[in-house]
Protein chains: 2
Amino acid sequence: VITVGIDLGCSEIKAIVLDRTGQVLATTRTPTSGSTADDGPSWLTTVRRLVNDLRQTVSNKNVLVGIAAPGLAAKDGLSIFNMPVRMEGVEGLIWSSVFESLLPVPVLNDAHAALLAEAVLGAAREKKHVVMLTLGTGVGGAILIDGELYQGAIGRAGHIGHMTLRSDFSRDIVGTPGSLEDLFGDHTVSARSHGRFATNQELVRAHEKGDGHATRIWMDSVRQLACGIASITNILDPELIVLGGGITKAGTTLFDPLKSFLHDVEWRPNGHEVEIVPALLGTWAGAIGAGYRAFPVDIQAELKRRNLCAAFVNSPGFAMSVEPG
Amino acid sequence: VITVGIDLGCSEIKAIVLDRTGQVLATTRTPTSGSTADDGPSWLTTVRRLVNDLRQTVSNKNVLVGIAAPGLAAKDGLSIFNMPVRMEGVEGLIWSSVFESLLPVPVLNDAHAALLAEAVLGAAREKKHVVMLTLGTGVGGAILIDGELYQGAIGRAGHIGHMTLRSDFSRDIVGTPGSLEDLFGDHTVSARSHGRFATNQELVRAHEKGDGHATRIWMDSVRQLACGIASITNILDPELIVLGGGITKAGTTLFDPLKSFLHDVEWRPNGHEVEIVPALLGTWAGAIGAGYRAFPVDIQAELKRRNLCAAFVNSPGFAMSVEPG
């Protein structure tokens, strides 16, 4: 059995081919075009082409497909039923019909897919209670309860970016006042720096060079993140917090001040301190999670049981094409 | 089989006797004394006396006992291992030794016990994903996942009062900046009203009489609560939110503005609105949950299955002695 996991992002579409032993057989990525052609949205044409190309690459027409996308997955796991971010045509699309598949094509929220991948092959393996935050344009998240992805009543669980940290600030894209997403995400860096920096990456670079203005903004962002993590710890009591997303490449420039702020704001009963680690699967986690979910359940269980993390991240397929993100 | 559920509060100790059909056979309550006698803390003497009295009342020496108390229950469920609020001698006390019981005496966090009771006999019955907030001196909480109480990695789960809503405000008892507990709980009403009101009850009474100062403070409190509920909804995606604690007696004075603020700040994908209801078991919920937990698991399952809520809240034992709380 071979699966293709697709991560349909707003700026880029990534696809990965996995075999049942957890080997990466191929990867490919391409920009998400926003235009709409006669035969439907152009991203749909792109996804179809990617899957066909990968089928030919691995000389196998019977690959199973799994999808990760922004938005809330429907209860039956066959479509995205709600997207706060606009991507025309995604809402309600039944993906099994796209690939003329007789088998269901599982559809997951992208942060849910990323945590699923980390739980099987990455930083969250062999853990029961885990919270993941993805720090990028926005702030996403996902929750593992008793070792299983927790999707909630309507597939919304884990939207940790949409928690209020400044109730006196304006509302974000889903209506949450002063949300973690608006206080930390890339999409507000320009506004928060009066146009001086466009992303957290630029902000961090300036901070590392000793720019005092950048340092003030960055330190305030990181303190907000610490308040969010401390709050989620009091609510969900995880054993592990996994941080993913591009900004984690800042390394100690992120983790050192974060740990210092957490020292102030984290409740540590009897000295108990929650472990915080970076994600291991990088920007490919969503695609990997989608591909994993496309396997039959017995193969999913087998992959999880075998604890393949080291083999996986050191495999040629991962090391050569995935890791450089 | 008969059980005694004890809710060991900082100001009051409540005890309730339940039989295996969910009938309330007896209740009793007494102030928690803070002093320490030669034979241990006086609350311990009081609890021992309460249990002995109740054993005699029901002419049964072989009652099983369950405990609800503030603080974090240990993983083995036999003691409270951490208490942010001081109650000398509770931390680490193995309750089975107190009652010289050969059987384990289950110990639960008090808000966890309250939600457990609401899940079996009250407002959360037959629901899978539920969040409960208890609004009193502080703000407590508990979480039901897939119909089961979720205690987390170290028993801390559900401490929703300790989520940041104003990261620019000072830290609360466990170190959380600008927490829901500090923004809503009774314990800060005096400070928030410059000494004019001591509790939310007084505040609400003045607001209802048209006191503009009281109205401003109350409306701001309720808006903070709405931000907290909207945040927890985005994180946990419950199907139901249950509000308990004394201040819910304010009825529409609480629920009407709360629903109005939620209309602004709650993310409602495709119009989906989370149901919010008051708790049904009042201030006795903690004791009921502790008594329920003391039953053998097969009787717990039977009680849950039978959906006794209406019979329970209308029973003479509940109506006469419990409900007036």
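In chain A, helix α3 meets helix α9 through A:D110, A:A113, A:A114, A:L116, A:A117, A:E118, A:V120 and A:L121 on the α3 side, and A:A285, A:G286, A:I288, A:G289, A:A290, A:Y292 and A:R293 on the α9 side. Bear in mind that this is a predicted model. Beyond that helix pair, there's an interface to look at, with 50 residues of chain A in contact with 50 of chain B, plus a set of salt bridges that comes to 24 over all chains.

**Helix packing in chain A**
- The axes of α3 (residues 110–121) and α9 (residues 285–294) of chain A come within 7 Å and cross at roughly 75°.
- With that crossing, α3(A) and α9(A) are therefore roughly perpendicular to each other.
- Sorted by class, the contact of α3(A) with α9(A) has 10 nonpolar, 2 polar and 3 charged residues.

**Helix packing in chain B**
- Over in chain B, helix α3 (residues 110–121) packs with helix α9 (residues 285–294) at an angle of about 75°, their axes 7 Å apart.
- That makes α3(B) roughly perpendicular to α9(B).
- On α3(B), the residues making the contact are B:D110, B:A113, B:A114, B:L116, B:A117, B:E118, B:V120 and B:L121, while α9(B) brings B:A285, B:G286, B:I288, B:G289, B:A290, B:Y292 and B:R293.
- The class split for α3(B) with α9(B) is 10 nonpolar, 2 polar and 3 charged.

**Where chain A meets chain B**
- The size of an interface is often given as the accessible area lost when the parts come together.
- Here, chain A and chain B bury about 4,200 Å² between them, and 55% of it is on carbon and sulfur atoms.
- If you want residues to click on, try A:R156, A:I235 and A:W267: they supply 19% of the area that chain A buries against chain B, more than any other three residues.
- Across this interface there are 38 residue pairs in polar contact, counting pairs with both residues at pLDDT 80 or more.
- Elements of chain A that each supply at least two residues to the side touching chain B are β8 (80–82), β11 (139–145), α7 (212–236) and α8 (252–265).
- The most comes from α7(A), with 9 residues on that side.
- By class, the side of chain A that touches chain B divides into 23 nonpolar, 18 polar and 9 charged residues.

**Salt bridges**
- Between chain A and chain B the count is 4 salt bridges.
- A:D237 forms a salt bridge with B:R156, and the closest N and O atoms are 3.5 Å apart.
- Within chain A, the side chains of A:D146 and A:K128 meet in a salt bridge, at 3.5 Å from N to O.
- A:D146 sits in the loop between β11 and β12 (148–149) of chain A and A:K128 in the loop between α3 and β10 (130–135) of chain A, so this pair ties together parts that are 18 residues apart in sequence.

Technical notes
Residues are numbered from 1 along each chain as its sequence is written. Chains are lettered from A and ligands numbered from 1 in the order in which they are written. This is a predicted model: local features need pLDDT of at least 70, side-chain atom pairs count only at pLDDT 80 or more; totals for chains, interfaces and linings use all residues. Side-chain values use heavy atoms; hydrogens and water are left out. Axes are lines fitted to C-alpha atoms, for helices over the stretch in contact, and angles run from 0 to 180 degrees between N-to-C directions. Helices (H or I, at least four residues) and strands (E, at least two) are DSSP runs, numbered from the N terminus. Angles under 35 degrees count as roughly parallel, over 145 as roughly antiparallel, 65 to 115 as roughly perpendicular and the rest as oblique. Contact means heavy atoms within 4.5 Å. Ala, Val, Leu, Ile, Met, Phe, Trp, Tyr, Cys and Pro count as nonpolar, Asp, Glu, Lys and Arg as charged, and the others, Gly among them, as polar. Buried area is the accessible area (1.4 Å probe) that two parts lose on being put together, summed over both. A polar contact is a pair of N or O atoms within 3.5 Å; within protein, one must be able to donate a hydrogen and the other to accept it, and residues adjacent in sequence count only if both atoms are side-chain atoms.
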